Amino acid sequence: MNHTTKFPDHRSERVRNGAAATAPPPVSGRKRRPASSQWAAWGFLAPVTLYLALFYAYPLYRNLDLSLRNYTVRSFVQGDAPFTGLANYRAVFDNPTFAPALLHTAVFTAVCLLFQYAIGLALAVFFNQHFRLSATLRALFLVPWLLPLIVSASTWSWMLNSDSGIVNAALHAVGIGPVNWLTSPSWSLLSVIIANIWIGVPFNLVVLYSGLQSIPAGLYEAAALDGAGAWRRFWSITFPLLRPVSAITLLLGLVYTLKVFDIIWIMTKGGPADSSTTFATWSYQLGFGNLLPAFGPGAAVGNLLVVAALAFGLVYVRVQRKQALS
């Protein structure tokens, strides 16, 4: 019978001990940030949070509170206005000015957005060719955007004046009779639309031109080698690749156009006969344009503008999310 003696394997034991010695210690949990880093993060967030709370959240809350109470001048000062619920909104919907104001707001916003975007895109493509004096002309197109709105609106009021305006003088030179641009119900809305388009085109030009700079030039060269013309390159390359920039441009333009007040009020004051009244001017008229101001209905009209802008913003976020997932 063979008897074998097993000796302990000291080498393997040393290897195991070495592996155990070099192995990293087990992780018990996430490392906590130092308290100083957390306080620094809150310190950077505090100014933005305070700004949003004071200039966005609180005004929205106050506007909502105004629309749900029956405020008069006395109760506005003393703060004892009775709660009326949705009575102010019902009064706004039943008001005969509501339907014309809604129509004018929709027409004003849609026409301004369409022409501002179309003209801005055409100018952006034109200046993207980088010809001589391109930068100078591009800077001159920014002048309407840089001027104060009161200056731009006053200039258009003078130009469209029925008696001494330069526009009617030019029409008279070609044999066309004078047009009552600002005093006729048939022309007043068109007049403020033209002025607002002139003011909004530079913004679309700047944003769309920056978007064109991000499109690789090699795509146009490859398309030209394949025989694609200028229109084909625009519809197959430029326009599709500009969709993200175009979406944010239209959204910002929509929010701005919905709340346009200065231009309309300075040029026509919403008249004549409410022919150019929008929700923005109507809200001001209700709240401040009468001897007995209707603060509640005025705030209700303002909230309708907020809801409309928020709805379009949510649609934009949803569309962007679908595009990101696809």
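# Exercises on a predicted all-residue model

Leaving out neighbours within four places in sequence, F108 is in contact with V192, I193, N196, T257, V260 and I264. The model behind these exercises is predicted.

**Exercise 1.** Find the place of F108 in the largest nonpolar core, and say which elements build that core.

*Solution.*
- Step 1. Start with the core itself. It has 35 residues.
- Step 2. Look for the members that touch the most other members. They are F108 and M267.
- Step 3. List the elements that give two or more residues to this core. These are α5 (98-127), α8, α10 (188-213), α12 (230-241) and α14 (262-267).
- Step 4. Pick out the main supplier. The largest share, 11 residues, comes from α10.
- Step 5. Check for another core. A second, separate one has 14 residues, among them A101, L254, A280 and V301.

**Exercise 2.** Decide whether T281 is buried or exposed, and describe its surroundings.

*Solution.*
- Step 1. Locate T281. It lies in helix α15, residues 279-288.
- Step 2. Read its relative accessible area, which is 0%.
- Step 3. Apply the cut-off. Buried means under 20%, so T281 is buried.
- Step 4. Follow the side chain. That of T281 reaches the backbone nitrogen of T278 at 3.0 Å.
- Step 5. Set aside residues up to four places away in sequence. T281 then touches F261, I264, W265 and S276.
- Step 6. Link back to the opening. I264 is a contact of T281, and I264 is also a contact of F108.

**Exercise 3.** Classify L137 by its accessible area, and describe the surface patch that holds it.

*Solution.*
- Step 1. Locate L137. It is found in helix α6.
- Step 2. Take its relative accessible area, 34%.
- Step 3. Compare with the cut-offs. Buried is under 20% and exposed is over 50%. L137 falls in between, so it is partly exposed.
- Step 4. Name the patch. L137 joins L133, L140, F141, V143, L147, I150, V151 and W198 in a nonpolar patch on the surface.
- Step 5. Give its area. Together these residues have about 770 Å² accessible.
- Step 6. Name the helices. α6 (134-140) and α8 (149-159) each supply at least two residues of the patch.

**Exercise 4.** Describe the protein chain as a whole.

*Solution.*
- Step 1. Count the secondary structure: 16 helices and 0 strands.
- Step 2. Turn to burial. Of the 326 residues, 32% are buried.
- Step 3. Take the exposed area, about 21200 Å². Carbon and sulfur atoms supply 68% of it.
- Step 4. Take contacts between residues at least 6 apart in sequence. Of these, 65% join residues at least 24 apart.

Technical notes: Residues are numbered from 1 along each chain as its sequence is written. This is a predicted model: local features need pLDDT of at least 70, side-chain atom pairs count only at pLDDT 80 or more; totals for chains, interfaces and linings use all residues. Side-chain values use heavy atoms; hydrogens and water are left out. Patches are made of residues with over 30% relative accessible area and no salt bridge: like charges are joined within 9 Å, nonpolar side chains (Val, Leu, Ile, Met, Phe, Trp, Tyr) within 5 Å. Accessible areas come from the Shrake-Rupley method with a 1.4 Å probe; for residues, only the protein chains shown count as cover. A salt bridge is a side-chain nitrogen of Lys or Arg within 4 Å of a carboxyl oxygen of Asp or Glu. Helices (H or I, at least four residues) and strands (E, at least two) are DSSP runs, numbered from the N terminus. Buried means under 20% relative accessible area, exposed over 50%, partly exposed in between (1.4 Å probe, protein chains only). Contact means heavy atoms within 4.5 Å. A polar contact is a pair of N or O atoms within 3.5 Å; within protein, one must be able to donate a hydrogen and the other to accept it, and residues adjacent in sequence count only if both atoms are side-chain atoms. A nonpolar core is a set of buried Ala, Val, Leu, Ile, Met, Phe, Trp, Tyr and Cys residues joined through side-chain atoms within 4.5 Å.
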